[in-house]
Amino acid sequence: LNTILRLIEPKKGAKVVVKQASLDIIRNEVFLRKVIKRWFGAYFETPASLAVDQGRESFMVMEHVDGHGAWSGGDRLSIEQRAALALIVKTFGVGDVNGGNVLYGPGNRVWLIDFEQSLSRTTPVPYRIPDKGILMEMPWVGVEGPNSIEDYLPAIRSWRALLSRTETRKELADMLRQSGFSEAETPSILKTFWANAADLPWS
(Lines give C-alpha, C1' and ligand atoms only; values in the text may rest on other atoms or scores of the structure.)
Protein backbone atom coordinates (compact mmCIF):
# COMPACT_ATOMS: atom_id res chain seq x y z
CA LEU A 1 0.00 0.00 0.00
CA ASN A 2 2.90 2.39 0.63
CA THR A 3 5.40 1.27 -2.03
CA ILE A 4 5.50 0.55 -5.75
CA LEU A 5 7.79 -2.24 -6.96
CA ARG A 6 8.79 -2.70 -10.57
CA LEU A 7 10.96 -5.33 -12.23
CA ILE A 8 12.91 -3.80 -15.11
CA GLU A 9 14.12 -6.27 -17.74
CA PRO A 10 16.24 -4.42 -20.31
CA LYS A 11 17.03 -6.03 -23.65
CA LYS A 12 20.70 -5.80 -22.70
CA GLY A 13 22.14 -5.93 -19.22
CA ALA A 14 20.98 -7.26 -15.89
CA LYS A 15 17.48 -7.08 -14.43
CA VAL A 16 16.90 -4.51 -11.70
CA VAL A 17 14.12 -3.88 -9.20
CA VAL A 18 12.90 -0.32 -8.59
CA LYS A 19 11.21 0.45 -5.28
CA GLN A 20 9.36 3.77 -5.14
CA ALA A 21 8.29 5.08 -1.73
CA SER A 22 8.57 8.02 0.63
CA LEU A 23 11.97 9.08 1.90
CA ASP A 24 11.14 7.67 5.36
CA ILE A 25 10.93 4.19 3.88
CA ILE A 26 13.90 4.49 1.56
CA ARG A 27 16.29 5.73 4.25
CA ASN A 28 15.29 2.80 6.51
CA GLU A 29 16.23 0.49 3.64
CA VAL A 30 19.57 2.21 3.10
CA PHE A 31 20.51 2.18 6.79
CA LEU A 32 19.74 -1.51 7.42
CA ARG A 33 21.66 -2.53 4.31
CA LYS A 34 24.69 -0.66 5.66
CA VAL A 35 24.34 -2.40 9.03
CA ILE A 36 24.09 -5.85 7.50
CA LYS A 37 27.06 -5.34 5.20
CA ARG A 38 29.15 -3.92 8.06
CA TRP A 39 28.49 -6.42 10.86
CA PHE A 40 26.54 -9.37 9.44
CA GLY A 41 28.16 -9.91 6.06
CA ALA A 42 29.50 -13.30 7.15
CA TYR A 43 25.92 -14.58 7.39
CA PHE A 44 23.81 -12.62 4.89
CA GLU A 45 23.90 -10.51 1.76
CA THR A 46 21.68 -7.65 0.64
CA PRO A 47 21.13 -6.67 -2.99
CA ALA A 48 23.37 -3.86 -4.24
CA SER A 49 21.33 -0.68 -4.46
CA LEU A 50 21.29 3.03 -5.20
CA ALA A 51 18.81 5.35 -3.46
CA VAL A 52 17.58 8.71 -4.74
CA ASP A 53 16.02 11.32 -2.44
CA GLN A 54 12.95 12.85 -4.07
CA GLY A 55 10.81 13.39 -0.98
CA ARG A 56 7.54 11.48 -1.24
CA GLU A 57 8.61 10.03 -4.59
CA SER A 58 12.02 8.76 -3.51
CA PHE A 59 13.16 5.49 -4.98
CA MET A 60 15.79 2.78 -4.82
CA VAL A 61 17.25 0.83 -7.73
CA MET A 62 18.37 -2.65 -6.66
CA GLU A 63 19.99 -5.60 -8.32
CA HIS A 64 17.55 -8.44 -8.99
CA VAL A 65 18.31 -11.46 -6.80
CA ASP A 66 17.62 -14.90 -8.21
CA GLY A 67 16.52 -16.64 -5.04
CA HIS A 68 13.63 -18.50 -3.48
CA GLY A 69 11.83 -17.42 -0.32
CA ALA A 70 12.22 -19.27 2.94
CA TRP A 71 8.54 -20.24 2.68
CA SER A 72 9.63 -23.10 0.47
CA GLY A 73 12.73 -24.14 2.36
CA GLY A 74 11.86 -25.12 5.93
CA ASP A 75 14.70 -24.75 8.41
CA ARG A 76 17.64 -23.84 6.20
CA LEU A 77 19.41 -21.26 8.37
CA SER A 78 22.19 -22.43 10.66
CA ILE A 79 21.93 -21.56 14.36
CA GLU A 80 24.59 -18.89 13.79
CA GLN A 81 22.49 -17.35 11.02
CA ARG A 82 19.33 -17.55 13.11
CA ALA A 83 21.08 -15.79 16.00
CA ALA A 84 22.43 -13.12 13.66
CA LEU A 85 18.99 -12.55 12.13
CA ALA A 86 17.44 -12.29 15.60
CA LEU A 87 19.99 -9.61 16.53
CA ILE A 88 19.20 -7.61 13.39
CA VAL A 89 15.42 -7.86 13.76
CA LYS A 90 15.24 -7.17 17.49
CA THR A 91 17.97 -4.52 17.83
CA PHE A 92 16.84 -2.44 14.86
CA GLY A 93 13.10 -2.95 15.29
CA VAL A 94 12.52 -4.60 11.93
CA GLY A 95 8.83 -5.38 11.43
CA ASP A 96 7.00 -7.47 8.87
CA VAL A 97 9.75 -10.09 8.73
CA ASN A 98 8.67 -13.34 7.14
CA GLY A 99 9.90 -16.16 4.95
CA GLY A 100 9.51 -14.00 1.86
CA ASN A 101 12.16 -11.57 3.14
CA VAL A 102 14.82 -14.30 3.34
CA LEU A 103 15.94 -15.53 -0.07
CA TYR A 104 18.06 -18.58 -0.75
CA GLY A 105 20.24 -18.44 -3.83
CA PRO A 106 22.83 -20.63 -5.54
CA GLY A 107 25.90 -21.66 -3.58
CA ASN A 108 24.23 -21.40 -0.15
CA ARG A 109 23.87 -17.63 -0.48
CA VAL A 110 21.24 -16.09 1.77
CA TRP A 111 19.84 -12.64 0.93
CA LEU A 112 17.86 -10.36 3.21
CA ILE A 113 15.43 -7.88 1.66
CA ASP A 114 12.67 -5.45 2.69
CA PHE A 115 13.53 -3.22 5.67
CA GLU A 116 10.94 -0.50 5.19
CA GLN A 117 9.34 -1.16 8.59
CA SER A 118 12.24 -0.72 10.98
CA LEU A 119 13.95 1.47 13.59
CA SER A 120 11.10 1.06 16.07
CA ARG A 121 11.02 -0.01 19.70
CA THR A 122 10.75 -3.79 20.08
CA THR A 123 9.50 -5.05 23.42
CA PRO A 124 9.31 -8.71 24.53
CA VAL A 125 5.95 -10.48 24.43
CA PRO A 126 6.31 -13.02 27.24
CA TYR A 127 2.88 -14.66 26.93
CA ARG A 128 2.86 -15.23 23.18
CA ILE A 129 3.20 -18.94 22.51
CA PRO A 130 3.89 -19.20 18.77
CA ASP A 131 2.31 -21.98 16.76
CA LYS A 132 3.81 -23.24 13.52
CA GLY A 133 1.99 -20.58 11.49
CA ILE A 134 3.45 -17.79 13.61
CA LEU A 135 6.90 -19.37 13.48
CA MET A 136 6.82 -19.21 9.69
CA GLU A 137 6.90 -15.42 10.15
CA MET A 138 9.88 -15.68 12.51
CA PRO A 139 12.70 -17.14 10.37
CA TRP A 140 15.22 -16.56 13.19
CA VAL A 141 13.44 -19.32 15.15
CA GLY A 142 13.66 -22.93 14.04
CA VAL A 143 10.30 -24.44 13.08
CA GLU A 144 11.19 -28.12 13.01
CA GLY A 145 13.23 -28.50 16.18
CA PRO A 146 13.45 -27.15 19.73
CA ASN A 147 14.89 -23.69 20.32
CA SER A 148 16.99 -22.91 23.35
CA ILE A 149 17.98 -19.47 24.63
CA GLU A 150 21.45 -20.92 25.22
CA ASP A 151 21.87 -21.14 21.44
CA TYR A 152 21.43 -17.37 21.17
CA LEU A 153 23.13 -16.07 24.32
CA PRO A 154 26.77 -16.11 23.07
CA ALA A 155 25.79 -13.98 20.05
CA ILE A 156 23.75 -11.65 22.27
CA ARG A 157 26.68 -11.13 24.66
CA SER A 158 29.14 -10.43 21.84
CA TRP A 159 26.74 -8.07 20.08
CA ARG A 160 25.93 -6.08 23.22
CA ALA A 161 29.64 -5.75 23.98
CA LEU A 162 30.19 -4.41 20.45
CA LEU A 163 27.31 -1.94 20.79
CA SER A 164 28.72 -0.61 24.06
CA ARG A 165 31.90 0.58 22.33
CA THR A 166 32.18 4.28 21.58
CA GLU A 167 33.49 3.50 18.10
CA THR A 168 30.42 1.40 17.27
CA ARG A 169 28.01 4.08 18.48
CA LYS A 170 29.79 6.71 16.39
CA GLU A 171 29.72 4.45 13.35
CA LEU A 172 25.98 3.84 13.74
CA ALA A 173 25.36 7.58 14.08
CA ASP A 174 27.39 8.20 10.92
CA MET A 175 25.42 5.50 9.07
CA LEU A 176 22.13 7.11 10.07
CA ARG A 177 23.23 10.50 8.79
CA GLN A 178 24.61 8.99 5.58
CA SER A 179 21.23 7.30 5.07
CA GLY A 180 19.33 10.58 5.23
CA PHE A 181 18.49 10.99 8.90
CA SER A 182 19.03 14.42 10.40
CA GLU A 183 21.40 15.32 13.21
CA ALA A 184 18.37 16.03 15.41
CA GLU A 185 16.77 12.61 14.76
CA THR A 186 19.87 10.53 15.38
CA PRO A 187 20.10 10.56 19.24
CA SER A 188 16.56 9.26 19.79
CA ILE A 189 17.00 6.53 17.19
CA LEU A 190 20.22 5.39 18.84
CA LYS A 191 18.45 5.29 22.22
CA THR A 192 15.87 2.98 20.67
CA PHE A 193 18.64 0.64 19.56
CA TRP A 194 20.17 0.56 23.06
CA ALA A 195 16.77 -0.12 24.66
CA ASN A 196 16.08 -2.93 22.19
CA ALA A 197 19.52 -4.44 22.80
CA ALA A 198 18.95 -4.39 26.56
CA ASP A 199 15.88 -6.61 26.05
CA LEU A 200 17.56 -9.11 23.73
CA PRO A 201 17.75 -12.05 26.18
CA TRP A 202 13.97 -11.74 26.68
CA SER A 203 13.04 -10.90 23.09
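1. Let's start with the packing around helix H4, in what is a predicted model. The buried residues of H4 pack against H1, H2, helix H5 (166-178) and helix H6 (186-198). If you want to find them on screen, the buried residues in question are Tyr152, Ile156, Trp159, Leu162 and Leu163.

2. How far apart are the end C-alpha atoms of H4? They are 20 Å apart. With 15 residues at 1.5 Å a residue, H4 should span 21 Å, so the expected span and the modelled one agree.

3. H4 (149-163) also turns up at the largest pocket, where H4 and H2 each supply at least two residues of the lining. This pocket has a volume of about 890 Å³. Its lining counts 32 residues, and those closest to the centre are Lys90, Met138, Trp140, Val141 and Ser203.

4. Which helix gives the most to the lining of the largest pocket? That is H2, with four residues. By class, the lining of the largest pocket holds 19 nonpolar, nine polar and four charged residues.

5. On to the second largest pocket, which holds about 430 Å³ of space. Twenty residues line the second largest pocket, and Leu5, Val17, Met62, Ile113 and Asp114 lie nearest its centre. Strand E2 (16-21), helix H1 (23-39) and strand E4 (58-63) are the elements that give two or more residues to this lining. H1 is also one of the helices that the buried residues of H4 pack against.

6. How do the residues lining the second largest pocket divide by class? There are seven nonpolar, six polar and seven charged residues. For the largest pocket, as noted above, the split is 19 nonpolar, nine polar and four charged.

7. Now for the enclosed spaces. A search of the whole structure finds two cavities of 30 Å³ or more. The second largest cavity contains about 90 Å³ of space. Its lining is made up of Leu85, Ile88, Val89, Val94, Asp96, Val97, Asn101, Val102, Leu112, Ile113, Asp114 and Phe115.

8. What is the chemical make-up of the lining of the second largest cavity? Nine residues are nonpolar, one is polar and two are charged. Helix H2 (residues 79-91) provides the largest share of this lining, three residues.

9. Two threads are worth following as you rotate the model. Ile113 and Asp114 line the second largest cavity, and Ile113 and Asp114 are also among the residues nearest the centre of the second largest pocket. H2, for its part, contributes to the lining of the second largest cavity, gives the most to the lining of the largest pocket, and packs against buried residues of H4.

Notes. Residues are numbered from 1 along each chain as its sequence is written. This is a predicted model: local features need pLDDT of at least 70, side-chain atom pairs count only at pLDDT 80 or more; totals for chains, interfaces and linings use all residues. Side-chain values use heavy atoms; hydrogens and water are left out. On a 1 Å grid over the protein atoms alone, a cavity is a set of points where a 1.4 Å probe fits but cannot get out, and a pocket is an open set with protein on both sides within 12 Å along at least five of seven lines; lining residues have an atom within 4 Å of a point. Grid points are joined across faces, edges and corners, and a volume is the space filled by probe spheres set on the points. Ala, Val, Leu, Ile, Met, Phe, Trp, Tyr, Cys and Pro count as nonpolar, Asp, Glu, Lys and Arg as charged, and the others, Gly among them, as polar. The expected span of a helix is 1.5 Å times one less than its number of residues. Buried means under 20% relative accessible area, exposed over 50%, partly exposed in between (1.4 Å probe, protein chains only). Contact means heavy atoms within 4.5 Å.
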